[in-house]
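Okay, thanks for squeezing me in. Have the sequence and the structure up on your screens, and I'll talk you through what I found.

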Amino acid sequence: MVDLLAKALLATVVIEELATLFVQGVLTIRGKRLPWTIFLVTLWANALTNPTINLVCWYMPDSLMDQVFFYFSLVVCLELGVLAVETVIFYRFGRVRPLSGACFFAFILNASSYFSGTWLNKIGYWDWNLF
């Protein structure tokens, strides 16, 4: 279990740091910049939220996780919670302003890592022995 949590955190951090780099590049072209500390804040936010969401899913009873409606409801609720927590973290510690900008930034990062899961499954990432 620890190796799966570590692999999930590693994948999420790499994908979201790349997304942060992309957003930083787009903002630089538009004449704005995020502070360089945003990369450390992104790492910290993911170290806080990723294991939490994965542990909740890991310890949820299989009888509940097999129900499609429950599974999708749980994922939506957990992702909205992560979005809220990361919005506050990016606003408060990452100095991403205004609050709607911090929410949009958190949404872009989480959408990029969430939808990368399909790609990671196709390449067999979860079967690799990294640790």
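Let me start with a single residue: Arg 95 counts as partly exposed, because its relative accessibility is 49%. Keep in mind that this is a predicted model. Arg 95 sits in the loop that joins helix 4 and helix 5. What caught my eye is its backbone: phi is near 55°, which is positive, and this is not a glycine. Most residues other than glycine have a negative phi, and most peptide bonds are trans.

That same loop, between helix 4 and helix 5, also holds Pro 98. Here the peptide bond running from Arg 97 to Pro 98 is cis, with an omega near -10°. So if you're scrolling along the backbone, pause there.

One more backbone point before the helices. Gly 31, just after helix 1, has a positive phi of about 90°.

Now helix 1 itself, residues 2-29. Does the length make sense? Well, what should its 28 residues span? At 1.5 Å a residue you'd expect 40 Å, and the end C-alpha atoms are 40 Å apart, so the two agree. In helix 1 I'd point you to Thr 20. Is Thr 20 buried or exposed? Its relative accessibility is 0%, so Thr 20 is buried. Leaving out residues up to four places away in sequence, Thr 20 touches Ile 38, Phe 39, Thr 42, Phe 105 and Leu 109.

On to helix 2, residues 38-59. Its 22 residues should span 32 Å at 1.5 Å each, and since the C-alpha atoms at its ends are 32 Å apart, that agrees. There is a bend to look for, though: helix 2 has a kink of about 25°, centred on Asn 46. Asn 46 is also one of the buried residues of helix 2. The others are Ile 38, Val 41, Thr 42, Ala 45, Thr 49, Asn 50 and Ile 53. And what covers them? The cover includes helix 1, helix 4 (68-92) and helix 5 (99-122).

Next, helix 4. This one has 25 residues and reaches 36 Å from its first C-alpha to its last, close to the 36 Å expected. Its buried residues are Leu 74, Val 75, Leu 78, Val 82, Leu 83, Glu 86, Thr 87, Ile 89 and Phe 90. Yes, there's a glutamate on that list, Glu 86. Among the elements covering those residues are helix 1, helix 2, helix 3 (62-65) and helix 5.

Helix 4 has residues that are not buried as well. Take Val 88, which is in helix 4. Its relative accessible area is 53%, so Val 88 is exposed. Then there's Ala 84, again in helix 4, and at 42% relative accessibility Ala 84 comes out as partly exposed. Both of these can be related to Ala 106. From Val 88 to Ala 106 is 18 residues along the chain, and their C-alpha atoms are 9.3 Å apart. From Ala 84 it's 22 residues along the chain to Ala 106, with 8.4 Å between the C-alpha atoms.

Right, pockets. How much volume does the largest pocket have? About 930 Å³. It is lined by 29 residues, and the ones closest to its centre are Ala 8, Asn 54, Tyr 71, Tyr 114 and Trp 126. Helix 1, helix 2, helix 4 and helix 5 each put at least two residues into that lining. Which helix gives the most? That's helix 5, with eight residues. Sorted by class, the lining comes to 16 nonpolar, ten polar and three charged residues.

The second largest pocket holds about 400 Å³ of space. Of its 17 lining residues, Val 23, Leu 27, Leu 34, Val 96 and Gly 101 are the closest to the centre. Helix 1 and helix 5 each contribute at least two residues to this lining. By class, the second largest pocket is lined by eleven nonpolar residues, one polar and five charged.

If you look at just two spots on your own screen, I'd go for the kink in helix 2 at Asn 46 and the cis bond from Arg 97 to Pro 98. That's it from me, happy to take questions.

Note on methods. Residues are numbered from 1 along each chain as its sequence is written. This is a predicted model: local features need pLDDT of at least 70, side-chain atom pairs count only at pLDDT 80 or more; totals for chains, interfaces and linings use all residues. Side-chain values use heavy atoms; hydrogens and water are left out. Helices (H or I, at least four residues) and strands (E, at least two) are DSSP runs, numbered from the N terminus. The expected span of a helix is 1.5 Å times one less than its number of residues. The bend at a residue is the angle between axes fitted to the seven residues ending there and the seven starting there. Buried means under 20% relative accessible area, exposed over 50%, partly exposed in between (1.4 Å probe, protein chains only). Contact means heavy atoms within 4.5 Å. On a 1 Å grid over the protein atoms alone, a cavity is a set of points where a 1.4 Å probe fits but cannot get out, and a pocket is an open set with protein on both sides within 12 Å along at least five of seven lines; lining residues have an atom within 4 Å of a point. Grid points are joined across faces, edges and corners, and a volume is the space filled by probe spheres set on the points. Ala, Val, Leu, Ile, Met, Phe, Trp, Tyr, Cys and Pro count as nonpolar, Asp, Glu, Lys and Arg as charged, and the others, Gly among them, as polar.
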